Amino acid sequence: MRTPHALLAASVAAVALAATVAAPGRAAGADAVPPPGAYYVQSAVTGLNASDRGGAVEQHRPRGDEDRQQWRLRVQGSSHLLENTDAPGSCLGRTADRARTVPCGSADAPWTVTPVGDGRFTLAAPGTDRRLAVAPKPAGAVHPAPLSVGAAPDDLAAWYLTPVVPVTSPMPPPDRRTLDQVTFLTSHNAYANGVDGGFAPPFVNLFPNQTRGIERQLADGVRGFMLDIHQTPDGAILCHNSCTLVSRPVALWVDLQRIVDFLRSHPDQFVTVFLEDYVDQEVLRAELARVDGLQDVLYRPDRTGVRQNGWPTMAELAAAGHRLLIFTDRTRASDAAGGVTRDTFGVMYQREWTVENHWSMGPGVGASDWSCYSRWYDAGTTLPLTRTEPGFRPLFVMNHFRDVPLASTVGTDNAKLADRARRFCEPAARKKPTYLAVDRYDLGDPAAAVAALNTYTYP
C-alpha cells in the first residue's frame, strides 16, 4: 500500500506537472499553420527531429531541450521563419539542395508552411516546389541523417510542428476517460523478482528487476507487466534470456492466474501483459488454456471496432468485463508461416496496437541517454513513435530503465521519470505515455509520475 508520504508526494507532483505543461493560448486547428512559438520540426515518416549540427540540419533522435532541436516559429510577411532557440539569429534554411542553418535575414531562411492534413505540414522555399525532406531510405539501412531540399515524395516531405510546451486539457471524469488517456504503472521484467521463483542463471539472479512478487505488485498499483517467456518441455516458462540453470522457474500460466484472480476480486481494474515471446503459437495457446477464467476477462480490441471508433472508456471496459489485454512482441508475418496467428486466441500483436520507445537508457552506471525514439526503427522497420491512423491512436509504451538494474541508479532514474516523460517522450511521440515501464518501481516513487500524468490529457 502507498504510504501517506507517498500519496502526498504524488499529489504535489501532479499539481506541479499540470502547472508546468499547461500553456496559454489555443491549440492550432488541423488545417491551420500553428501560432508563433517553440516547436520541434519532426519527420512524419521517421519521427526524428530536425537538429542543428554545426550548420548542417540533420534528423536526430528526439532529445527534448538538448541537441539544438527546438525552433521558434515566427511570421515574416507571407512566409515563416524557424529560428533555433539555442542560437538566436540562426534559422533553419537551405543552401542549394541541403538543409542548413543560415542567418535569419538571409533569402534562404523563409519557408512557405502548408498544411497537408492530419496535423502535418510541408516547408517549401517560397515560390518553388523545393521542400524540406528526409532523404530516401537506402536498401538495408535507415534514412540518412542529413536533410535535403528539393522535389521529394509527399511522405518524405511531411513534417509535424510539435509544440515544445503543448496546450493540455484536464483529465475527464473517471467514467469518461478512454484507455489511451490513462497512464499505468508498468513493471519491466515483472517476473524477475526473486520472490515468486527463479528467473535466470545464478549470476544474473543477483540483479532482479523487481523485488516484490506479482501479487504484491498488483496490490501496489502496478497495472502493466512485462514478461519474458521461453519454451521448455514444461511449456512457456518465465526466464531472462534462457531457462538453463534456473532454479524454481515459474510458468506463464501461474502468473496469469494470479492476475486473473486479482481482476475477479477487483472488477473495476484493468491490467495489460506484454510478452517478450520466444515460444511457438500452440505452446502459448496451451499455456493460456490452463488459466481458469481467462476468457471471462480477456479484452479483444480486434473484435470491438477500436481501429474505426477509437479506444473505449475505462467504464465501458469494466462494464463489458474486458479487463485483461495481452500483447506479444512477435509479428503477424512471423506467425503466418505457421498457419496460426496469435490473435486468433486473443493475444494481440503489439506493433499493430502500440508504439514503444527504445528499451534502454544505457548501462547500469554513469550518464543516461534520455533520447526518446522508436524501438522499431531500424534497417528493416520504420514504425515511428508518432504513428497514427485515421481515427486511431496507438497506445504508447514508454520504457524508462537501463541495461542493469542497480538500486542506487534506478532510484535516481525513477525520481526523474515525470520530467523525462514531459520534456522528452511526450513531444517525441506526440502523445502521453499509456504505460510507464520501470525497474524497481518501489524506488524513486514512479507512482507519483503516474499520478501526475493522470491529471491531464495531451492534445
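1. Helices (H or I, at least four residues) and strands (E, at least two) are taken here as DSSP runs, numbered from the N terminus. The model is a predicted one, in which local features need pLDDT of at least 70 and side-chain atom pairs count only at pLDDT 80 or more, while totals for chains, interfaces and linings use all residues. Residues are numbered from 1 along each chain as its sequence is written, and side-chain values use heavy atoms, with hydrogens and water left out.

2. Glu276 belongs to strand 18 (residues 271–278), and it counts as partly exposed because its relative accessibility is 24%, the classes being buried under 20% relative accessible area, exposed over 50% and partly exposed in between (1.4 Å probe, protein chains only). Its C-alpha atom is separated by 6.4 Å from that of Thr328, although the two residues are 52 apart along the chain. With neighbours within four places in sequence set aside, Glu276 is in contact (heavy atoms within 4.5 Å) with Leu227, Asp228, Ile229 and Asp329.

3. Thr101, in strand 7 (residues 98–103), has a relative accessible area of 17% and is therefore buried. Again without the neighbours within four places in sequence, the contacts of Thr101 are Asp52, Gly55, Val57, Trp71, Ser90, Cys91 and Gly93.

4. Strand 23 (435–438) is covered on both faces, with Tyr435 and Ala437 buried on one side and Leu436 and Val438 buried on the other. This strand pairs (at least two DSSP bridges between the strands) with strand 14 in the parallel sense over four bridges, and Ser187 stands opposite Val438. Strand 22 also runs parallel to strand 23 and is joined to it by four bridges, with Asn399 as the bridge partner of Ala437.

5. In helix 10 (residues 407–415), the buried residues are Thr409, Val410, Gly411, Asp413 and Asn414. Their cover includes strand 22 (395–400), helix 11 (417–429), strand 23 and helix 12.

6. The second largest pocket has a volume of about 590 Å³. Of its 22 lining residues, Val182, Thr183, Phe184, Gln269 and Asn454 are the closest to its centre. Strand 14 (184–187), helix 7 (314–320) and helix 12 (446–453) are the elements that give two or more residues to this lining. On a 1 Å grid over the protein atoms alone, a pocket is an open set of points where a 1.4 Å probe fits, with protein on both sides within 12 Å along at least five of seven lines, and lining residues have an atom within 4 Å of a point; the volume is the space filled by probe spheres set on the points.
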